[in-house]
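Thanks for coming. I will take a few minutes to go through one model, for those who have not looked at it before.

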Amino acid sequence: MAELSELNKAINALNDLWPLLEGEDREKILKERDSLNEQASELAHKTLLEGVPELTDAVEQLKQVTQSAKDARSFIDQTAIRINKIEDTIGKAALAVGKVAGLLAVL
Amino acid sequence: MKSTMPVFMMLIGLSGCASTPLGNIEAFGVAAENVSDKIDSVIDEYNKANVSDRLVMMAQSNRKYVKSDLDPIRKIVIRDSDKKSFALYKANKALGDYSKSLTDLASAGSQKELSLAGVKLSRSLSEMNDQYKVLTESEVDIVSSENSNKLGRIVAEVSSFYAGYKRSRALKEVIIAADPSIQIIGDVLSNQLLKGVIEGRLYTMKGNELAGYISDYNAKVQTMSFSQRKKALDDIYAMYMAMESVSATIVQAQKAVLSVTKAHGELAAELRSNRFSGKKIAAALKDIKTVHKGFNDLEELMRNCETEIVADDEKGIICKASGSDN
């Protein structure tokens, strides 16, 4: 980050110089400014693309916690599913009882 | 009295967990969404500025150009348009995903869902009782209608408390575990990437353009009238002000990031300290009372509804009116 800051400072300083120059001097300073500007652009892009190690680690950790939150939600949602399972089992038992009653009536 | 004390203590304990500030979680979700928008607009502005900067450099040179000289610009557009590869974007997305998972967790095990499960259980018990009476050719109930309604209500109510307890505990663990990462991400996004990289580059790129207009002015100043000079300087000054105000956009994005880290930090501190104010406990107890009343009403509904008990998005758990879809 300090390197980028130095590059920007140098570019800004050259921008305060070249508009006062003419001819070859102007071209030389502009070329230097453009070269530094390219370097700064590349460095900025690289930093934005790759981030810094502490950011990468923090993002990874946050992803893991996010997964824990999703797992916890899924676990809690199982409560309603469990009641539904009990209801389903009782429903099946009731059906079986009905069938037995039907058979007994025939006999 | 002896037997009611543990229950009362459990309610107090639950109320402590139940007072997890869900409102703050919501505030956190809104703030996180705001960050996403702000960062998106900053990335867009940064991309446009990069393209403009290349054109500025070309315009400030005396070179003549052909079509292929524009290729590097096209490469910048392609490269920068893939925002998803930016660490900035990834961090922003991680924040957004976390915020959504937190909101989802806060609404897990809804009372409506558990109530319907209780209703179905009550109905099954009642059907089983009817079948039993047919089988035994008797009029004696094994589970009376009143008891099956009561059982359905109790199961739903206990499940709701259980879900609420689990939810509060999970929220507490998740928020406390996530806080260090949230604080680091907020700090890096705000101070290093937004302030350190983007703000500096935007300022410098605008300065590159401004220098070109100043150079034009200097080259023509000897031949210009006062009014021409004034007009040219007005334009240059407007551009200078635009360059100086670059940080305003960044400050907005920084504020959005800091609102997220602050909201989360407060939430985590509150949960970490386990200090719940009397007001909050009272509010939580009131909530528990309301929940209990809600389940009493459910039992009443199970007893009296002759059609079907359904969940309505606007009215909650209701008895379906006969001869209608709702």
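I will start with the two chains, go on to where they touch, and finish with the core and three single residues.

Please keep in mind that this is a predicted model.

Chain A first. Its secondary structure amounts to three helices and zero strands, so to read it from the N terminus is to read α-α-α. Chain A has 107 residues, and 30% of them are buried.

Chain B has nine helices and two strands. Going from the N terminus, the order is α-α-α-α-α-α-α-α-α-β-β, with the two strands after the helices. There are 326 residues in chain B, of which 35% count as buried. Take the contacts in chain B between residues at least 6 apart in sequence: 83% of these join residues at least 24 apart.

Now the contact between the chains. How many residues of each chain take part? On the chain B side there are 61 residues, in contact with 53 residues of chain A. In chain B, the helices α2, α4, α5 and α6 each supply at least two residues to the side that touches chain A. The largest share of that side, 28 residues, is from α6(B).

One helix pair across this contact is α2(A) with α6(B). Their axes are 11 Å apart, and the packing angle is about 155°. An angle over 145 degrees counts as roughly antiparallel, and that is therefore how α2(A) and α6(B) run relative to each other. The crossing of α2(A) past α6(B) is left-handed. If you want to find the place on the screen, look in α2(A) for N37(A), A40(A), A44(A), T47(A) and L48(A); they meet L193(B), V197(B), R201(B), T204(B) and N208(B) of α6(B).

The helix α6(B) also has a partner within chain B, namely α4(B). Here the axes come within 11 Å and cross at roughly 160°. The two helices α4(B) and α6(B) are therefore roughly antiparallel as well, and α4(B) passes α6(B) in a left-handed crossing. On the α4(B) side the residues are L88(B), A91(B), L95(B), Y98(B), L102(B), L105(B) and A106(B). Among the residues they meet in α6(B) are V174(B), I185(B), L189(B) and L193(B). You have heard L193(B) already, as one of the α6(B) residues that meet α2(A).

Next, the core. In soluble globular proteins, nonpolar side chains tend to be buried together. In this model the largest nonpolar core has 72 residues, and those with the most contacts inside it are L62(A), L88(B), A91(B), V174(B) and I185(B). Which elements give two or more residues to this core? From chain A they are α1, α2 and α3, and from chain B they are α2, α4, α5, α6 and α8. The largest share, 18 residues, comes from α6(B). Chain A has a domain 1, residues 1-51, and a domain 2, residues 52-107; both give residues to this core, so the core lies between them.

A91(B) is a convenient residue to look at here. Apart from neighbours within four places in sequence, A91(B) is in contact with G51(A), L55(A) and V59(A) of chain A, and with I185(B) and L189(B) of chain B.

Last, three single residues. Are they buried, partly exposed or exposed?

S190(B), in helix α6 of chain B, is buried, because 21 other C-beta atoms lie within 10 Å. S190(B) touches K195(B), Q254(B), V257(B) and L258(B), leaving out residues up to four places away in sequence. K255(B) is 65 residues away along the chain, and its C-alpha atom is separated from that of S190(B) by 8.3 Å.

L43(A) belongs to helix α2 of chain A. With 17 C-beta neighbours inside 10 Å, L43(A) counts as partly exposed. Residues up to four places away aside, L43(A) touches E3(A), L4(A) and L7(A). Of these, E3(A) is 40 residues from L43(A) in sequence and 8.6 Å from it in space, C-alpha to C-alpha.

A238(B) is in helix α7 of chain B, residues 226-244. It has 10 other C-beta atoms within 10 Å, so A238(B) is exposed. Between A238(B) and L210(B) there are 9.8 Å in space, C-alpha to C-alpha, and the two are 28 residues apart in sequence.

That is the end of the tour.

Methods:
Residues are numbered from 1 along each chain as its sequence is written. Chains are lettered from A and ligands numbered from 1 in the order in which they are written. This is a predicted model: local features need pLDDT of at least 70, side-chain atom pairs count only at pLDDT 80 or more; totals for chains, interfaces and linings use all residues. A nonpolar core is a set of buried Ala, Val, Leu, Ile, Met, Phe, Trp, Tyr and Cys residues joined through C-beta atoms within 7 Å. A residue is buried if 20 or more other C-beta atoms lie within 10 Å of its own, exposed if 12 or fewer, and partly exposed in between; C-beta atoms are placed from the backbone. Helices (H or I, at least four residues) and strands (E, at least two) are DSSP runs, numbered from the N terminus. Domain bounds come from an automatic or database domain assignment. Two residues are in contact if their C-beta atoms, placed from the backbone, lie within 7 Å. Axes are lines fitted to C-alpha atoms, for helices over the stretch in contact, and angles run from 0 to 180 degrees between N-to-C directions. Angles under 35 degrees count as roughly parallel, over 145 as roughly antiparallel, 65 to 115 as roughly perpendicular and the rest as oblique. A crossing is left-handed if the near helix is turned anticlockwise from the far one by less than a right angle, and right-handed if clockwise.
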